[in-house]
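User: I would like a close look at a single part of this model, followed by an account of how the rest is put together. Please keep to what the coordinates and the record support.

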Amino acid sequence: MDTLIVILVGILVTIGTYLILSRHLLRIVLGTSIIGHAVNLLIITSGGLKTGAAPLLGEKITDFTDALPQALVLTAIVINFAVTALVLVLCYRAYQGFGTDDLEQLRGEEHE
Amino acid sequence: MKQNDVILQSVTRVAVVIILTFSFYLFMNGHHHPGGGFIGGLSTAAAIVLLYLSFGIDKVRENIRMDFKKLAAIGVLIAIGTGMTSVIFGKPFLTQAFDYFNLPIFGKTELASALIFDTGVALAVIGTAVNIILSISEDR
Amino acid sequence: MNTIYLFIFLPFIFACIVPFLYKHLNRQVHTGWFVLVVPLSILIYLLRFIPAVSSGETFEYTFSWIPSFGIHITSYVDGLGLLFGLLISGVGALVILYSIFYMSKVREALHNFYIYLLMFMGAMLGLVFSDHMLAFYGFWELTSVSSFLLISYWYERKSSRQGAMKSMLITVFGGFGLLAGFIMLMMMADTYSIRELIANMEVIQGHSLFIPAMLCILLGAFTKSAQFPFSIWLPDAMEAPTPVSSYLHSATMVKAGIYLVARMTPVFGGSPVWFWLVSGVGIITLLYGSLTALRQTDLKPLLAYSTISQLGLIMSLLGIGSLAVYFGPGESGTVFTVATFAALFHLFNHSTFKGSLFMVVGIIDHETGRRDIRYLGGLMHVMPITFTIALVGGLSMAGLPPFNGFLSKEMFFAAVLDVSKAGVFGLNSIGTLFPIIAWVASILTFVYCMIFVFKTFGGKYHPERLNRKVHEAPIGMLIAPMVLGLLVLLIFFFPNVLGKYILTPALSAVLPMMTVSSYDLKISAWHGVNYELLMTIGVILLGGLLYMAKKRWLPAARKFPQNLTLNHFFNEGLSGAERWSASLTNRYMTGSLRHYLLYIFVFFVLLLMGSLLWFYGLRFDFSNNAMISVFDAGLVICMIISALTVLLAGNRIVAIVALGALGYMVSMFFVIFRAPDLALTQMVVETVTTVLFLLCFYHLPKLKKSMERLSFKWTNLFISIAVGLTVTVLGLSANGHKLFEPITSFFENSYKLAGAKNIVNAILVDFRGFDTMLEISVLTIAGLGVYVLIRQRSKRGKEHEAE
C-alpha cells in the first residue's frame, strides 16, 4: 500500500511538473495544485499507513496512526488553499493586465 | 451575480443553518473529536460562501455587515494575545493551560486556553477564506 | 526586580505612541516634549544604580525566551554598561531638548524623527546591557538601521540618501563580521554569554579560531567606530539633522565599537595581534582624522573628521590598555591600567565637548543658514553665548586647561610615553613612533580647533554673505549645549567624582583581572613639570604658529587630489561591483519563468538523486507495507485518470472539475488512512477551492492547444519524469530507512499534557502552537494579498474611466 501511494505520488508529481513547465498560466496554477495534493499524500505515507486507529484517544485503544504527519498536513492543506488563491488571482490579473497568458510573451525586458 | 434561483435559495436557507450548526459543533468538539479551529472555520466560511452564491453579494452584505479582513486580523491578534498571556504569567510564549470546572448545567467541564487560541485560528480562517472569495467575486 | 527590561524597552513602547501624540497634539505641543520624558526617566532610573555599582556590585536579570534552546535574554548591568547607559540617556535627553527648538513642528515630519530616535535609543540601551551575544548582535544591527533611517530623514535630498546608503553598507558589512566572530566565539567557548566567555578565556586563547574571531570582531568594531579606512561613512552621515549628528555620530553610536573593544578586552587583550591592531589602527585614525579635518571648509564634516580622530585616540588608548591584560596584576600592569582608564575618561569627555560643538554648529546653521567657514566670521558679537560654548568645547577638544579635554589628553600622552618604554611585542624598535604620531596629531587637532572657533566667531563680520538677519539663538536651543559646556568645566575641577563613581567601576568591568587596590586612580591637573606637560606646551606653541601662518599652507592642503581619497576608491569599487554583478546576473536571469523553473527542477533532481547515490541511501523495504484493498487500487486508478484529464483537457471547465475530483479523492484517502480531521478539512477546502476556480472562470484564459515545438515538449516531459522518479525513489527510500523512533508516543500523552483527546488538534493548538500562529498569519497575509491585487486594479480601472 505504501509503495503504491508513493508511486501514485510520483505520477502526480510528474503530471504536475509537466503542467508547471508549460507556457500557459492556468496550467501552471493547476500544476501547483496537483503537486500540493501529491506532497500531502507523501507526508502522510511517511508516517506509516493503516498502522492503527485514528489518533483520537478513546477507552481501550492504545495503537494509533502517527498523528504528527496529520497535523503537518492539516496546516499544509489550509496554506495550500491560500497559496492557490493567491497564485490564481496573480495569474488572472497578469492575464487581464497584459492580455496574454503566454509566458514567453510575458518575459520582462532584458537588463532590467 | 446570479439570476433568481428559487430552488437554490430555499435549499440554502435550510442548509446554511445546518452547516453553521455543524461547523460550530466541529469547532467546539475539536479538542476531543475530529474538528477544531481550521475545520470549524472553513465550514463556516463555506456556509457564508454558499449564501453569497445563492443570494448575491449585495443582499448578504446588507445582512452581514462585517469586514472580513478585520475579522482575520482579529483572529491573528487573539492567537498572539493568548501567547502573550502566558508570557505575562512567566511561562514561555504560547504555553496553554487547561483545567476542569464544575459548571451548573454541563457538570464537570474542561476549560482550556487552547480553545481561545483555536477561536483565533477559526476567525482567521473564516476571515481569510471569505475575504478571498468576496474579493474575487466583487471584481467585475 | 524586573524593571531593567521595562527601561530598555521603554523607548520602543513609547515609539508606538508617538504617532498618536503627533497626530492629535502636535498643533498645541511639540511632540519632543513628550519624548523627552523617556530619556529623563531612564537617566533617573540608571542614576539609582550608581552607588551599588561603584561599590563593585553587578546586576543581572534573565528572561528566558525559548528555554528549550537555551535562548535567554540576559541583561547585565555593570560599570561599563552603566557608563554607556548614562551617556545614552543623558545626552539623549539633552539632544531631544535641543531638537524641540531645532526641528520645526510645522514643517518637519516629527513623528518619523522621534520614532527613529527612540528606536535608536532603545537599541543602544539594549546593546550595552546585553549579555547574550546574539541579542547584542541584534541590537547592534538595529542601531545601524536606525542610523540609516535618521541619516536619510530628509530623504528628498540625494546626498542624504547616498550618505545613508554608504553608512548602511559599511556598518552592516562590519556587522556581519561581528556575527561571524560571535559564532566563532560560541564554537570555542560553547556559550553565548559574554560573561561566561570571559570566565572561559583560557579555552579560547589556545584555540585555532582565536585570531579569526578576533579579526571578525574588530572588523565590526572598526566599521562602527569609523576607524581608518572604514571612516568614510561618518562625514557623509552628516547629512542627518544636527541633533542626530550630535547624538548618534559623535556621542553614542560611533562609540558602540569602542564599547565592543572594551568588552572584549578581557578575552583578546594580551595578544600581540590585538594590541597592534587596536592601538595601531587607532593611532593612524587619529592622525588621518586630524589631517583631513584641517582641510574641511564645512563645519559639520570638520567635526566629523575630528570625531574620527578622537575615536582613534580612544581606540589606541584601549589598545595600549590591553597590555595590562598581558602583564597581569603588578607594577607594569598597573601602568597600562591607566591607559584604559584614560580611554573611558576621554570617551566621557568627548561626548560632552563634541556634543556641545555639534549643537553649536546646529545653531549657526539654524541662524545663519550657512556652515561654510569661508562665508562665516565675526559671529562673536552677534552670538555671544554660542561663542562662549564653542570656545569651551573647542579648547577642551584642543586639550587646554581648564577644560576636561586637558586632563584626558595629558593621560593620553602619559600612556603613549609608557608604551614606548614597554619593551614587549617588538615595541623596542618602533615604539617611539607612538608619542611622535600622538604629538603631531595633537598639534593638528589644536590647529583645527582654532580654525573651528576663530574662523567662525573671530575676524570680520560679513552680513552681506549671509542671506538672513542673524541674531542669538532662542534660549531653549542654548540650554542643552550650555549643560554640556558646564560639564566640561565641572569635570576639570572635580574629575575624581566622575572617576570614583563611574569610571572606576567601568574600568573594573574592562579589566576584571586587576585587583581593585592596584588602580586606585586619582586624576589631577598638575603633576609637576614632566614630559606630558612639555608636550602640551609644545602643542600650543607649534599649533599657534601654524594657525598664524595658515594662509601660507592651508590653501595648498585643501588641493589634495580628489581621486586619491578613500571616498573615490569606495565609489569606484561600488560601481564596479554593481556592473560586474549585473553582467553576471543577466547571463542566467533571462526573464523567462520556465527557465527559472528548469533551474529549480534540475537542481532538485541532481541534488537529491546525487546525494541518494553518493551516500548509498537507496534502500527499499516493502515489509511494512499495509494491505492493498480493491477499493484502494480503484481509487489510485481514478486519481491517475483525473490527473491525466487535467493534463490533457482542452477546456477550462473540464480541467477545473477534474482537479476538484482529484481533491475529493485525496480526502477519500485520508479517510482510509485514519485521518478524520484531514478528510474533513480537505473536503471543505476542496469545495471552496473549486468555487474559487469557478469564480475566476470568466477571467481565466482559455486553454489553447499548445503550439510548442517538439523539442520543447520533450524537454518538459523528460524533466517532469525525472522529477517524478526522484520523488518516488526518495519516498520509497524514506520508507525503507527507519533511522529514528517516531516521536509520536510523546504526543499520545496529549490527554495528560494538554487535556485533549484529539491528538492532531492538541498538536496544532498546544504542542506546536507557534507553527499554527505563524500559519494563520501567512493565511491572513495571503488573503490581504488577494484583496490588494484585485482592489488595486479596480482602482486603476476607475481612474481610467475618469480620464
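Is Arg674(C) buried, partly exposed or exposed, and what is its relative accessible area?

Analyst: Arg674(C) is partly exposed, because its relative accessible area is 33%, which lies between the 20% limit for buried and the 50% limit for exposed. The model is predicted, and every value below is computed from it.

Arg674(C) is found in the loop that links helix 29 (652-672) to helix 30 (676-695) of chain C. Its backbone has a phi near 60°, a positive value in a residue other than glycine. The surrounding stretch carries an annotation: an unreviewed UniProt entry places the feature "domain: MrpA C-terminal/MbhD" at residues 638-702 of chain C. In the model, residues 638-702 of chain C are 80% helix and 0% strand, and the C-alpha atoms at the two ends of the span lie 26 Å apart.

Asp190(C) also has a phi near 60°, again a positive value in a residue other than glycine. Asp190(C) sits in the loop between helix 7 (158-189) and helix 8 (194-199) of chain C. With a relative accessibility of 64%, Asp190(C) counts as exposed, since the limit for that class is over 50%.

A further backbone feature of chain C is the cis peptide bond that joins Phe228(C) to Pro229(C), with omega about -5°. Pro229(C) belongs to the loop between helix 10 (210-224) and helix 11 (233-236) of chain C.

Two buried positions in chain C can be set beside these loop residues. Ser271(C) is in the loop between helix 13 (256-268) and helix 14 (272-294) of chain C. Ser271(C) counts as buried because its relative accessibility is 9%, under the 20% limit. Apart from neighbours within four places in sequence, Ser271(C) is in contact with Phe210(C), Met214(C) and Phe425(C). Gly126(C), by its position, is part of helix 5 (residues 110-129) of chain C. At 0% relative accessibility, Gly126(C) also counts as buried. Once neighbours within four places in sequence are set aside, Gly126(C) is in contact with Ile8(C) and Phe139(C). From Gly126(C) to Trp233(C) the separation is 107 residues in sequence and 24 Å in space, C-alpha to C-alpha.

Next comes the interface of chain C with chain A. Here 77 residues of chain A are in contact with 96 residues of chain C. The two chains bury about 8,200 Å² between them, and carbon and sulfur atoms give 75% of that area. Tyr18(A), Leu21(A) and Leu57(A) supply 9% of the area that chain A buries against chain C, more than any other three residues. Across this interface the rule finds zero salt bridges, while four residue pairs are in polar contact, counting pairs with both residues at pLDDT 80 or more. On the side of chain A that touches chain C, the elements that give two or more residues are helix 1 (2-20), helix 2 (25-46), helix 3 (67-98) and helix 4 (103-106) of chain A. Helix 3 of chain A gives the most, with 22 residues. By class, that side of chain A has 48 nonpolar, 20 polar and nine charged residues.

Chain A also meets chain B. Nine residues of chain A are in contact with nine residues of chain B. The buried area between them is about 790 Å², with 84% of it on carbon and sulfur atoms. Leu56(A), Val78(A) and Phe81(A) supply 47% of what chain A buries against chain B, more than any other three residues. The rule finds zero salt bridges across the interface of chain A and chain B. For residue pairs in polar contact, both at pLDDT 80 or more, the count between chain A and chain B is also zero. The side of chain A that touches chain B has seven nonpolar, two polar and no charged residues.

For chain B, an unreviewed UniProt entry places the feature "transmembrane region" at residues 7-28, 34-53, 74-94 and 114-134. Two of these spans can be described from the model. Residues 7-28 of chain B are 100% helix and 0% strand, with the end C-alpha atoms 32 Å apart. Residues 34-53 of chain B are 85% helix and 0% strand, and the end C-alpha atoms of that span are 28 Å apart.

Technical notes
Residues are numbered from 1 along each chain as its sequence is written. Chains are lettered from A and ligands numbered from 1 in the order in which they are written. This is a predicted model: local features need pLDDT of at least 70, side-chain atom pairs count only at pLDDT 80 or more; totals for chains, interfaces and linings use all residues. Side-chain values use heavy atoms; hydrogens and water are left out. Contact means heavy atoms within 4.5 Å. Buried area is the accessible area (1.4 Å probe) that two parts lose on being put together, summed over both. A salt bridge is a side-chain nitrogen of Lys or Arg within 4 Å of a carboxyl oxygen of Asp or Glu. A polar contact is a pair of N or O atoms within 3.5 Å; within protein, one must be able to donate a hydrogen and the other to accept it, and residues adjacent in sequence count only if both atoms are side-chain atoms. Helices (H or I, at least four residues) and strands (E, at least two) are DSSP runs, numbered from the N terminus. Ala, Val, Leu, Ile, Met, Phe, Trp, Tyr, Cys and Pro count as nonpolar, Asp, Glu, Lys and Arg as charged, and the others, Gly among them, as polar. UniProt positions are given in the numbering used here, feature names are shortened, and annotations may be inferred rather than shown by experiment. Buried means under 20% relative accessible area, exposed over 50%, partly exposed in between (1.4 Å probe, protein chains only).
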